[in-house]
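Hi,

Here is the structure I said I would pass on. Have a look at it first, and my notes follow underneath.

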Amino acid sequence: MDAIVLLRDGLAAALTPGNLLWALCGVVLGTAVGVLPGMGSAMAVALLLPVTFQMDPTSAFILFAGVYYGGMFGGATTSILLNTPGQASSIATTYEGHRMALGGRAPQALGTAVIGSFVASIVGTLVVALFAPTMVDFALKFGPGEYFALTVFSFVAVAAVVSGSVLRGVASLLIGIAIGLVGIDGQSGAPRFDFGSAVLLDGIDIVIVTVGLLALGEVLHVAARGRNAPDLASIRSGKPWLKRRDVRRSLPAWLRGTALGTAFGPIPGSGAEIPTFLSLGAERRFAKRREQRGGDENEFGNGAIEGVAGPEAANNGSAAGSLVPLLGLGLPTSATAAIMLAAFQQYGLQPGPVLFERNGDLVWTLLASLLIGSVLLLVINLPFAPLWARLLKLPKPYLYAGITLFSVLAVYAINASVVHLVMLIGVALLAFVMRHFGVPVAPALIGVVLGPIAESELRRALAASAGDLSILVDSGISLTLYALVLIAACIPLVSRVRRLRAERRERETTGVGTS
Amino acid sequence: MTNRQNPAQPDDPAETTEPPPTAGDSGTTEPSGADPTPDADPAPAPEPAHDPETVPWTGRTAWVFPGLVALFGAVAVRGALTIEAPPHSPPPGPGVVPGIVGTLLLLVAARMALVNLRVARRIRQGAQVPGTPGVDWPPVGIIVLTLAVHVALLEPLGWLLSGALLFWGVAYAFGARTWVRDALVSLSMSAAVQVGFSLGLGLNLPGGVLELVL
């Protein structure tokens, strides 16, 4: 296999002592940030983005790979120990994971999460290595019209499917696109929305937006909740050794979760949430059926280990899967992928078909570093998982003060500009308002990153056709994508109808039950 | 970022912690509705029931976010009308996309306003609506103020002092009141960052007044 050979070369390039050290740093830092409440791997990558400006791209991506996986594991840790998922993709883990922790089985839950993540990362990365080149072949057929259709598709999918309320998701997305409009227009060179400030001509840096939306917004949000904020002191931990019975029950769950995650990862807008919840649902059914057949008892509801193993594997599998469209098409399908895209852009690299041709070695090194990252994750976090939990015993004031300090630093490091810090405060206030009113911030992030791409593709297409709108729909690929947009837009409607129906049925059954 | 309307999701535990076994499944584990397992409390599921992303906005603050969206929309539309396209630029000029985005923002704001009115009417008719949680203003104010002061003093005062001030201010907002320890932690955090960055990454943080003194 061609891809395997290339991957092996990448592995050889990535396996230098220096790069291993970066991967180690990445895993440790990623886990540290991921463990902090409300912080996920997207956050970890965002905070580290400016730090890597001085590094060469290979080392930087190896660091990111470590941070990415470390952050996801960190999120699982807080879900299990504290019932506070750091990001949406760890929500599914909280249900059974936290119950396991309450039942004194926190170490086992952590253990199954680490190994599940490991299995899924390895399998997922191999899948990416095999499929990304195919995706590239496909992407080479894309013109601006098709790319625009693709961005519209991810917009709709992200805003409509992932958020709780379609209206709020769309609002968040549009605000993100609006923020992305600031600065000199790349097509015509006209200044837009600079409000007379020279700094705004360069646009609002993606680091400012991510740090403001995710980190500082979270700090303000937690501060505003005052006493309602989660208590971090109530943690128990131990050594995460799995018994044979645990392994026997986790293994099929890991594999099923991996399959679900890798299958859903490349689909724009599906994020990591859908596969994790699908996996949780599937494991619950399997456990029930197993009990009916006279196998082990169904522990769902009381801390079933499969309910942690499956979703965690699905989470990492989808993280790896989301790299297929990111590398092959230059299309981020999750918040973290959006930041990774920004990271590529910082180095003047544009992910997509051209990247494979011009910087193929870098791509394969990145994929190889993902493999290394997952091995390191296993080696470091399996024995030391309980130590991470201690990080939460830091006094809360210092924890959030530290996050604030590093947020400011991350932004100041971009360009040593105080004006950027003023923008940061503005974005943080916006994020605070959004968080307070239950408006998801992830669509805004996708909007900031993808908005400019969508605009330039749209205008390039229209310029080529001299303003004839039909160029947008004159290929099979575009039409298919728009059909998918329609379906994606209808899904929330269908699910609302289904939920209403389920509620009615529920009301009837409970009515019967109490009478 | 919360997961809520997952269509493909067969039984979403967030919403249906208890009821579904009776509704959809054969009910092998819970034969009857009333069963004494610890987590089978029939009351509305405590935490996940109030997903902040679906809680309607009530009261006067309900208009804050729609107003903000409308403001963004107005600025974008105004920009679309005032941006001057340089001569010889190809047909869709730089104002087209801002115009579209701005119009959509205004539409979304209008729709949110409509939803608000509907919720207000439901409340008047006596419906129970979970409200948005209140804001503990003092800590938020202190943090924003500290950030502003930090930004203003960063260059004149230098990173070491203004960073320490920022750390201390945020810690104070979160309830730290052990003055001596807080001050020591703040200063050492700030110093560690400065040393780490200038030694490890060659990034120079402003020295400020201390540079002149030392």
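Leu341(A) touches five residues that are not close by in sequence: Leu326(A), Gly330(A), Pro332(A), Pro351(A) and Val449(A), leaving aside anything up to four places away. Bear in mind that this is a predicted model. Of those partners, Gly330(A) sits 11 residues from Leu341(A) along the chain, and the two C-alpha atoms are 7.2 Å apart. If you want to find Leu341(A) on screen, go to helix α14 of chain A, which covers residues 335–346.

Is Leu341(A) buried or exposed? It has 23 C-beta neighbours inside 10 Å, so it counts as buried; the cut-off for that is 20 or more. Across chain A, buried residues make up 62% of the 515 residues.

Stepping back to the whole chain, you'll find 20 helices and 2 strands in chain A. Taking the contacts in chain A with a separation of 6 or more, 81% are between residues 24 or more positions apart.

Two helix pairs are worth pulling up. As a reminder, a packed pair is described by the angle between the axes and the distance between them.

The pair α9 and α17

In chain A, helix α9 (residues 206–225) packs on helix α17 (residues 396–415) at about 165°, and their axes are 10 Å apart. That makes α9(A) and α17(A) roughly antiparallel, since the angle is over 145 degrees. The crossing of α9(A) past α17(A) is left-handed. On the α9(A) side, the contact is made by Val207(A), Ile208(A), Val211(A), Ala215(A), Leu216(A), Val219(A) and Val222(A). From α17(A) come Tyr400(A), Ile403(A), Thr404(A), Ser407(A), Ala410(A), Val411(A) and Ile414(A). Sorted by class, that contact has 12 nonpolar and 2 polar residues, with no charged ones.

The pair α5 and α12

Helix α5 (residues 91–102) and helix α12 (residues 306–321), both of chain A, pack at an angle of about 145° with 8 Å between their axes. α5(A) and α12(A) also have a left-handed crossing. Here α5(A) contributes Ala92(A), Thr93(A), Tyr95(A), Glu96(A), Gly97(A) and Met100(A), while α12(A) brings Gly307(A), Val308(A), Pro311(A) and Glu312(A). And which classes do these residues fall into? The contact of α5(A) with α12(A) divides into 5 nonpolar, 3 polar and 2 charged residues.

Cheers

Note on methods: Residues numbered from 1 in each chain as written. Chains lettered and ligands numbered in written order. Predicted model: local features only at pLDDT ≥ 70, side-chain atom pairs only at ≥ 80, totals over all residues. Axes fitted to C-alpha atoms, helices over the stretch in contact; angles between N-to-C directions. Helix = DSSP H or I, 4+ residues; strand = E, 2+ residues; numbered from the N terminus. Parallel < 35°, antiparallel > 145°, perpendicular 65-115°, else oblique. Left-handed = near helix turned anticlockwise from the far one by under 90°. Contact = placed C-beta atoms within 7 Å. Nonpolar A, V, L, I, M, F, W, Y, C, P; charged D, E, K, R; others polar. Buried ≥ 20, exposed ≤ 12 C-beta atoms within 10 Å, placed from the backbone.
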